[in-house]
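Let's take a walk through this structure together. Keep the 3D view open and turn it as you read.

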Amino acid sequence: MELRQPSLTQLQAIYGADLKPSFPPAELKPLRAIQEMWEEGWYHPWCLFDGDEIVGECFLWLGHPGWALLDYLCVSPRRRNGGIGALILTKMLEKEPGTVILAESEAPIHAPDPVMAERRLGFYHRNDARLAGYDTEMFGAHYKTLYWAEEALSDDALMEQHRFIYQNRFSPEKYARYVKIPRDPSAPVTAQTPWDE
C-alpha cells in the first residue's frame with residue numbers, strides 16, 4: 001500500500017464517502033475550505049492507496065515549516081479494524097520527516113461517546129503520540145492535545161505553533177470566538193458550532 005496525494009476528483013469522492021459520514025459538523029471543514037488550503041500550500045491530503053482503491057486518509061493542516069496539525073484521520077468504513085489506521089500514521093510520519101505533528105482527540109469527559117473517545121486516545125498512544133499538558137476547544141468541541149516529535153517539547157512551544165495554525169486561517173474575531181488554546185479546564189464547554197459558521 002502507498003500513501004500519496006489524491007487527485008481533486010478523488011478528494012471530492014472521499015470527502016463524501018469517508019469524511020462526511022465519520023465527523024460531526026463541528027469538526028468537519030467544508031470541502032471548499034480544504035481545496036482552498038491545498039491550493040494555497042497550507043494542506044497535505046494524504047491518501048492510502050491499495051492499488052487504485054483509497055482505503056483511508058490523513059489530512060495535515062500545515063503551519064510554520066516543520067509543524068503541522070493532523071486535521072483528519074479516517075479509514076474507509078469497509079476497511080476498518082484491520083490495522084489500516086496505524087499503517088496510515090506510520091506512512092504519514094515517513095512522508096513528513098522532521099515535522100512536529102500535532103493532533104486533537106476528543107476529550108472523554110465531554111464526548112458524546114466517552115468509551116469511543118478513550119479508545120481513540122489509546123490508539124494514538126499505541127502509535128507513539130505524546131500527550132501534551134493542555135487541552136483545546138474548537139467550535140465547542142473539547143480535545144486532548146497530542147503530538148509526534150523526536151523529543152518531548154514544552155507546552156509553550158506546542159501552543160505557540162498550535163495557535164499559529166488557526167490564527168493563520170481565521171480572522172481575529174473568528175479565532176477569539178471559536179478557538180481556545182489552551183482551554184480553561186474550569187470553564188464549561190460551549191455549544192458546538194459548525195466549522196464554517
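**A guided tour**

Asn81 sits in the loop between β4 and α3 (84–95). Please keep in mind throughout that this is a predicted model. With a relative accessibility of 79%, Asn81 counts as exposed. Its phi is near 65°, a positive value in a residue other than glycine. As a rule, most residues other than glycine have a negative phi, and most peptide bonds are trans.

Phe139 also departs from that rule, with a positive phi of about 55° although it is not a glycine. You will find Phe139 in the loop between β6 (130–138) and β7 (141–148). Is Phe139 buried or exposed? Phe139 has a relative accessible area of 1%, so it is buried. For an unusual peptide bond, go to the step from Ile181 to Pro182, which is cis, with omega near 0°. Pro182 belongs to the segment after β8 (179–180).

Back in the loop between β4 and α3, look for Arg79, which pairs with Asp50 in a salt bridge whose closest N and O atoms are 3.1 Å apart. Because Asp50 lies in strand β2 and Arg79 in that loop, the pair ties together parts that are 29 residues apart in sequence. Asp50 is partly exposed, at 31% relative accessible area, and Arg79 is partly exposed too, at 24%. Glu53 forms a salt bridge with Arg79 as well, here with the closest N and O atoms 3.4 Å apart. This pair links distant parts of the chain, since Glu53 is in strand β3 and Arg79 in the loop between β4 and α3, 26 residues apart. Together, Asp50, Glu53, Arg78 and Arg79 are linked in a network of salt bridges. The whole structure has 11 salt bridges, and one of them joins the side chains of Asp135 and Lys144 (3.2 Å, N to O). In this pair Asp135 is buried, at 17%, whereas Lys144 is partly exposed, at 23%.

Now turn to helix α1. Its 15 residues reach 20 Å from the first C-alpha to the last, close to the 21 Å expected at 1.5 Å a residue. There is nevertheless a kink of about 40° in α1, centred on Tyr15. Which residues of α1 are buried? They are Leu11, Ile14, Tyr15, Asp18 and Leu19. An α-helix has 3.6 residues a turn, so residues three or four places apart point the same way. The buried residues of α1 pack against α2, β2 (43–50), β3 (53–62) and β4 (67–75).

Follow the chain on to Lys29, in the loop between α1 (8–22) and α2 (31–39). Lys29 counts as buried because its relative accessibility is 2%, under the 20% cut-off. Its side chain makes a polar contact with the side chain of Asp71 (2.6 Å). The residues that Lys29 contacts beyond its sequence neighbours include Tyr15, Trp61 and Trp195.

Trp61 brings us to the interior. In the largest nonpolar core, of 39 residues, Trp61 and Tyr166 touch the most other members. A second, separate core of 22 residues includes Leu48, Val55, Leu60 and Leu146. In soluble globular proteins, nonpolar side chains tend to be buried together.

Our last stop is Gln161, in helix α5 (residues 155–167). Gln161 is buried, at 12% relative accessible area, and its side chain makes a polar contact with the side chain of His64 (2.9 Å). Beyond its sequence neighbours, Gln161 touches His64, Trp67 and Leu102.

Key. Residues numbered from 1 in each chain as written. Predicted model: local features only at pLDDT ≥ 70, side-chain atom pairs only at ≥ 80, totals over all residues. Heavy atoms only, no water. Helix = DSSP H or I, 4+ residues; strand = E, 2+ residues; numbered from the N terminus. Buried < 20%, exposed > 50% of the residue type's maximum accessible area, 1.4 Å probe, protein only. Polar contact = N/O pair within 3.5 Å; in protein donor to acceptor, adjacent residues only side chain to side chain. Contact = heavy atoms within 4.5 Å. Expected span 1.5 Å × (residues − 1). Bend = angle between axes of the 7 residues up to and from the residue. Core = buried A, V, L, I, M, F, W, Y, C linked by side-chain atoms within 4.5 Å. Salt bridge = Lys/Arg side-chain N within 4 Å of Asp/Glu carboxyl O.
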